[in-house]
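Here is a friendly walk through one protein model, moving from strand pairing to cores and then to a pocket. Have the sequence and the 3D view open as you read.

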Amino acid sequence: MEENEIKEENLNSEDKKENKLLKKPVLIWLGIVVIMLIAYFIIDAIKFQSTDDAYVETTTVSVAPKVSGQIVEVLIKDNQRVNEGDLVARIDDTDYKIRVEQMEAQYERALLNQQNAKANLNAANTNIEVAKKDLDRYKNLYEAGAVSKQTLDAAQAKYDSSKAQLVTAEQSLFSDNNSKVADADLKVLKAQKDQAEVNLSYTNIYAPQSGTVASRRVEKGMYVQIGTPLFTIVPDNVWVVANFKENQLRHMKPGQSVDIKVDTYPNKIFKGKVDSIQRSSGAKASLFPPENAVGSFVKIVQRIPVKIIFTEEIDPEEYNVVPGMSVVPKVRVR
């Protein structure tokens with residue numbers, strides 16, 4: 001019995017030794033993996049800077065009418081694609097056409113009056129020349145005794161009348177400072193006529209740039225005022241605004257490559273690069289910047305907006321990357 005117990009103890013001790021020997025390589029490899037992971041994260045932290053405070057951004061365009069009136073036609077729908085120059089809506093142009101006709105009539109009448117005034121001035125100049133020659137001739141004849149004093153007085157009266165007509169004709173074209181009154185009035189009417197034609201053209205509302213319709217607030221029959229927002233156009237060109245902590249910008253500069261991960265497409269890495277770094281913090285650029293010169297100051301790590309642009313073309317049919325989407329950019333700083 002004792003010999004059997006001794007043998008069993010020896011066998012158990014040998015099994016334990018073998019188990020310990022088997023576990024050692026596993027622990028060694030596990031330690032190596034842990035060390036490699038730590039090294040990877042350290043190297044990654046040194047070479048890259050990342051933040052989850054980032055989003056897709058663009059500059060939207062609000063479309064508004066330049067004249068007031070009733071909307072008679074709307075040619076767009078929600079989320080519709082439009083191209084620059086497309087007709088998107090029309091305002092009732094009846095009043096604006098009448099205004100153009102009125103201004104054209106006033107302009108043509110003023111032009112005709114100016115032409116008549118110039119013709120009268122030319123005629124007055126001709127008449128005074130003839131009257132002056134007749135007066136000079138009758139003066140010589142009177143001195144020679146060939147005509148009577150009555151004939152000379154008639155010639156003098158004709159000359160004086162011609163001078164009065166010339167003054168009247170000149171006054172229709174010239175003011176006291178010798179500027180052409182008729183020309184000035186004509187220019188004013190021409191400008192008013194041009195403005196009426198421009199206002200008429202504004203009744204047709206066109207897309208100022210290409211993009212997608214968003215926030216549509218216009219319907220047929222609405223009466224709109226100048227500047228009333230009708231809808232917004234979201235352009236195709238988008239970029240990323242990433243708010244990095246100030247201590248992450250030490251080695252960051254424009255031109256560095258960026259891996260962009262959009263939350264909507266977690267399995268896709270978009271390529272980009274740093275375009276520019278804002279010259280102030282987000283808080284400093286806000287409407288009410290913080291005032292740090294107070295007794296209750298608490299230091300807070302500031303965030304600096306960094307603009308990141310895509311360097312690859314994004315197919316909107318496959319990846320619908322739109323403004324406002326959350327992203328995680330990873331900037332290679334080393």
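Leu-87 has Tyr-206 in β7 as its bridge partner. That pair belongs to a predicted model, in which strand β6 (residues 87–91) and β7 run antiparallel to each other over three bridges. Both strands sit in an open sheet of four strands, in the order β7-β6-β4-β9 and with antiparallel pairing. Its edges are β7 (204–206) and β9 (223–224), each of which pairs on one side only.

Next, take a look at Thr-232, which is part of strand β10 (residues 231–234). Is Thr-232 buried or exposed? Its relative accessible area is 14%, and the cut-off for buried is under 20%, so Thr-232 counts as buried. Which residues is Thr-232 in contact with, once neighbours within four places in sequence are left aside? They are Thr-60, Val-61 and Ser-62, together with Thr-212, Val-213, Ala-214, Ser-215 and Arg-217.

Now for the nonpolar cores. In soluble globular proteins, nonpolar side chains tend to be buried together. In this model the largest nonpolar core has 24 residues, and Phe-244, Met-252, Ile-260, Ile-308 and Val-331 have the most contacts inside it. Elements giving two or more residues to this core are β2 (54–57), β11 (239–245), β12 (257–262), β13 (269–277), β14 and β15 (327–332). The largest share, four residues, comes from β14. Apart from this core lies another, of 17 residues, including Ile-71, Ile-76, Val-88 and Ile-91.

Ile-260 is worth a closer look. Not counting residues up to four places away in sequence, Ile-260 touches Val-240, the run Lys-268, Ile-269, Phe-270, Lys-271 and Gly-272, then Ile-308 and Phe-310, and finally Val-327, Val-328 and Pro-329.

The last stop is the largest pocket, with a volume of about 570 Å³. Of the 22 residues that line this pocket, Pro-235, Asp-236, Val-238, Pro-316 and Val-321 are the closest to its centre. Two elements, β8 (211–214) and β14 (303–310), give two or more residues to the lining, and β8 gives the most, with three residues. Here is the lining of the largest pocket by class:

| Class | Lining of the largest pocket |
|---|---|
| Nonpolar | 14 residues |
| Polar | four residues |
| Charged | four residues |

Strand β14 thus turns up twice in this tour: among the elements that give two or more residues to the pocket lining, and as the source of the largest share of the largest nonpolar core.

Terms used:
Residues numbered from 1 in each chain as written. Predicted model: local features only at pLDDT ≥ 70, side-chain atom pairs only at ≥ 80, totals over all residues. Heavy atoms only, no water. 1 Å grid on protein atoms, 1.4 Å probe; cavity = no way out; pocket = protein on both sides within 12 Å on 5 of 7 lines; lining within 4 Å. Points joined across faces, edges and corners; volume = space filled by probe spheres on them. Nonpolar A, V, L, I, M, F, W, Y, C, P; charged D, E, K, R; others polar. Core = buried A, V, L, I, M, F, W, Y, C linked by side-chain atoms within 4.5 Å. Buried < 20%, exposed > 50% of the residue type's maximum accessible area, 1.4 Å probe, protein only. Contact = heavy atoms within 4.5 Å. Pairing = 2+ DSSP bridges.
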